[in-house]
Amino acid sequence: MLTDAHAPLAGTLVYFSTRSGNTHRFVEKLGLTAHRLPINRNDPVPHIDTPYVLITPTYGGGGTQGAVPGPVIRFLNDEHNRRLIRGVIAAGNTNFGEAYGLAGRIVAQKCQVPLLYRFELLGTDDDVARVRKGVEEFWKRQT
Amino acid sequence: MNTMQRLSRVDAVNWNRLQDDKDLEVWNRLTSNFWLPEKVPLSNDIQSWNTLTQQEKQLTIRVFTGLTLLDTIQGSIGAPTLMEDARTPHEEAVYTNIAFMESVHARSYSSIFSTLCTTRDVDDAFRWSEENPMLQAKSELILERYRADDPLMRKVASVFLESFLFYSGFYLPMYWSSHAKLTNTADLIRLIIRDEAVHGYYIGYKFQQALNEATPERQQAVKDYAYELLLELYDNEVRYTESLYDAVGLTEDVKKFLHYNANKALMNLGFEPLFPSSVTDVDPTIMAALSPSADENHDFFSGSGSSYVIGKAVATEDDDWAF
């Protein structure tokens with residue numbers, strides 16, 4: 001868990017990152033409080049108690065099957081966790097064409113929350129600045 | 001000197017005992033993405049091809065010949081070389097897939113040629129490729145690293161080939177597609193672009209694993225060396241791009257595409273992007289040809305959120321969603 005240098009926000013971030021760590025690197029650069037979902041299938045599904053924005057990579061390249069990482073699906077299958085999601089941000093790669101950031105669209109549609117943003121790989125400095133500012137303002141609007 | 005543990009003997013590969021589950025994840029992704037050029041109805045582009053000027057035809061054939069050379073290098077030398085440095089038997093197997101698919105890519109360009117072009121024009125282009133100094137220079141810059149005894153730099157060169165060097169060429173079919181020309185050819189190129197993304201990601205991931213085990217001094221040296229190689233390749237790509245695209249007035253936008261993809265190549269290696277967003281703003285119609293939804297507004301934060309609608313229904317076939 002990362003510590004937050006700014007004033008407490010009304011919500012938090014929940015994210016998944018595979019061993020490649022791309023999404024993890026992006027979240028680190030945001031410098032906002034964030035909870036990482038466990039990679040291993042055998043780890044217990046975490047419970048979240050505050051509203052959150054989900055950041056998820058897209059398993060790229062194919063169709064909709066397998067686009068959303070398993071740990072994200074398991075986390076959202078928990079009704080309590082699902083009720084607290086307010087938005088989703090997706091990582092991906094435009095090389096995957098139609099499927100760019102597809103995990104974000106799927107989660108947005110299934111949970112009926114907005115897809116807030118998409119970025120590629122580790123995200124650029126511009127992506128980091130936009131998401132940091134956007135998430136802060138998003139929570140202000142929610143309160 | 002060799003920072004990686006090479007596999008010194010061959011054991012039967014057991015996919016039910018993984019040292020790194022990324023190997024299986026990528027194997028599954030690559031095999032489910034398998035395709036052959038016969039699947040794309042290239043002959044539907046014959047009419048469109050005939051609307052191109054002789055100069056545009058020559059440019060297109062030359063671009064595809066240049067791409068063929070890169071795919072040939074990667075299929076016959078690049079991926080097999082990486083196999084020698086593999087850390088797991090599963091990684092070796094993934095490289096066999098990558099090597100084969102690069103050969104499929106190289107073969108695809110010949111399918112495009114035999115469908116659309118005259119033998120003479122194609123022969124001319126292959127002769128051009130053998131004599132073009134920029135094309136030969138990029139090939140040599142990569143091959144030098146493949147031949148040298150530095151497994152980390154072999155992966156760096158490989159990621160630069162997969163994630164950067166192809167893009168001066170990929171630009172053109174995306175451009176034609178955005179003008180409703182050669183759209184079936186563009187569909188085939190999109191399959192190649194998709195494959196190269198997985199290749200760059202995976203080789204970059206294996207690079208980062210190995211780099212993490214190196215001393216801080218060595219890490220810094222490899223990083224410096226990687227940026228140096230990128231800039232060397234970039235200078236050559238700029239010259240190559242000018243020589244091809246000046247005549248059709250596209251050079252400046254192709255350069256933006258180069259910057260954009262150079263950043264992604266660096267990110268695949270775990271390094272920070274180099275080019276600022278002021279020089280990566282590729283023409284939106286090219287981005288839309290690459291990724292049809294890329295031009296949709298998914299920046300809810302930018303204040304234009306009012307125009308935002310929650311995504312269209314996306315059918316998901318994953319059966320583990322419980323709601």
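This report describes a sheet and a covering helix in chain A, a helix pair and its connecting loop in chain B, and the contact between the two chains. The structure is a predicted model.

**The sheet of chain A**

Chain A contains an open sheet of 5 strands, arranged in the order β2-β1-β3-β4-β5 with parallel pairing. Its edge strands are β2 and β5 (115-120) of chain A, each of which pairs on one side only. From one strand to the next, the twist averages 20°. In general terms, the strands of a sheet pair through backbone hydrogen bonds, and the pairing may be parallel or antiparallel.

Strand β1(A), residues 12-15, is covered on both faces. T12(A) and V14(A) lie on one side, L13(A) and Y15(A) lie on the other, and all are buried. With strand β3(A), residues 52-57, β1(A) forms a parallel pairing over 4 bridges. With strand β2(A), residues 34-36, β1(A) pairs in the parallel sense over 3 bridges.

Individual residues of β1(A) can be placed against these two neighbours. The bridge partner of L13(A) in β3(A) is V53(A), while in β2(A) the residue opposite L13(A) is A34(A). For V14(A), the bridge partner in β2(A) is H35(A).

**Helix α4 of chain A**

Helix α4(A), residues 102-111, packs on the sheet and touches β3, β4 (85-92) and β5 of chain A. The direction of α4(A) makes about 160° with that of β4(A). The helix is mostly covered, with 8 of its 10 residues buried. The buried residues are L102(A), A103(A), G104(A), R105(A), I106(A), V107(A), A108(A) and K110(A); thus the charged side chains named here, R105(A) and K110(A), belong to buried positions. The cover over the buried residues of α4(A) includes β3, β4 and β5 of chain A. After α4(A) comes Q112(A), which has a positive phi near 55°.

**The α8-α9 pair of chain B**

In chain B, helix α8(B), residues 167-178, packs against helix α9(B), residues 183-212, at an angle of about 140°, and the two axes are 9 Å apart. The angle makes α8(B) oblique to α9(B), because values over 145 degrees would be needed for a roughly antiparallel arrangement. The crossing of α8(B) and α9(B) is left-handed.

From α8(B), the contact draws on F170(B), P173(B), M174(B), W176(B) and S177(B). From α9(B), the contributors are T183(B), T185(B), A186(B), I189(B) and I193(B). By class, the residues of this contact comprise 7 nonpolar, 3 polar and no charged.

**The loop between α8 and α9, and S48(B)**

Two residues in the loop between α8 and α9 of chain B are A180(B) and L182(B). Each has a positive phi without being a glycine: the value is about 55° for A180(B) and about 45° for L182(B). Their surroundings can be set beside those of S48(B), which is found in helix α2(B), residues 46-49.

| Residue | C-beta neighbours within 10 Å | Class |
|---|---|---|
| A180(B) | 9 | exposed |
| S48(B) | 17 | partly exposed |
| L182(B) | 25 | buried |

A residue counts as buried when 20 or more other C-beta atoms lie within 10 Å and as exposed when there are 12 or fewer. S48(B) is therefore partly exposed, with 17 such neighbours, and L182(B) is buried, with 25.

What does S48(B) touch, not counting residues up to four places away in sequence? The contacts of S48(B) are K181(B) and L182(B). S48(B) can also be placed relative to α8(B), whose contact with α9(B) includes W176(B). S48(B) and W176(B) are 128 residues apart in sequence, and their C-alpha atoms are 9.8 Å apart in space.

**The contact between the chains**

The contact between the chains takes 40 residues from chain B and 38 residues from chain A. On the side of chain B that touches chain A, the elements giving two or more residues are α1 (21-32), α9, α11 (251-268) and α12 (284-290) of chain B. Of these, α9(B) gives the most, with 7 residues. By class, this side of chain B has 20 nonpolar, 10 polar and 10 charged residues. Helix α9(B) thus takes part both in the packing with α8(B) and in the contact with chain A.

Key. Residues are numbered from 1 along each chain as its sequence is written. Chains are lettered from A and ligands numbered from 1 in the order in which they are written. This is a predicted model: local features need pLDDT of at least 70, side-chain atom pairs count only at pLDDT 80 or more; totals for chains, interfaces and linings use all residues. Axes are lines fitted to C-alpha atoms, for helices over the stretch in contact, and angles run from 0 to 180 degrees between N-to-C directions. Angles under 35 degrees count as roughly parallel, over 145 as roughly antiparallel, 65 to 115 as roughly perpendicular and the rest as oblique. A crossing is left-handed if the near helix is turned anticlockwise from the far one by less than a right angle, and right-handed if clockwise. Two residues are in contact if their C-beta atoms, placed from the backbone, lie within 7 Å. Two strands pair if DSSP finds at least two bridges between them.
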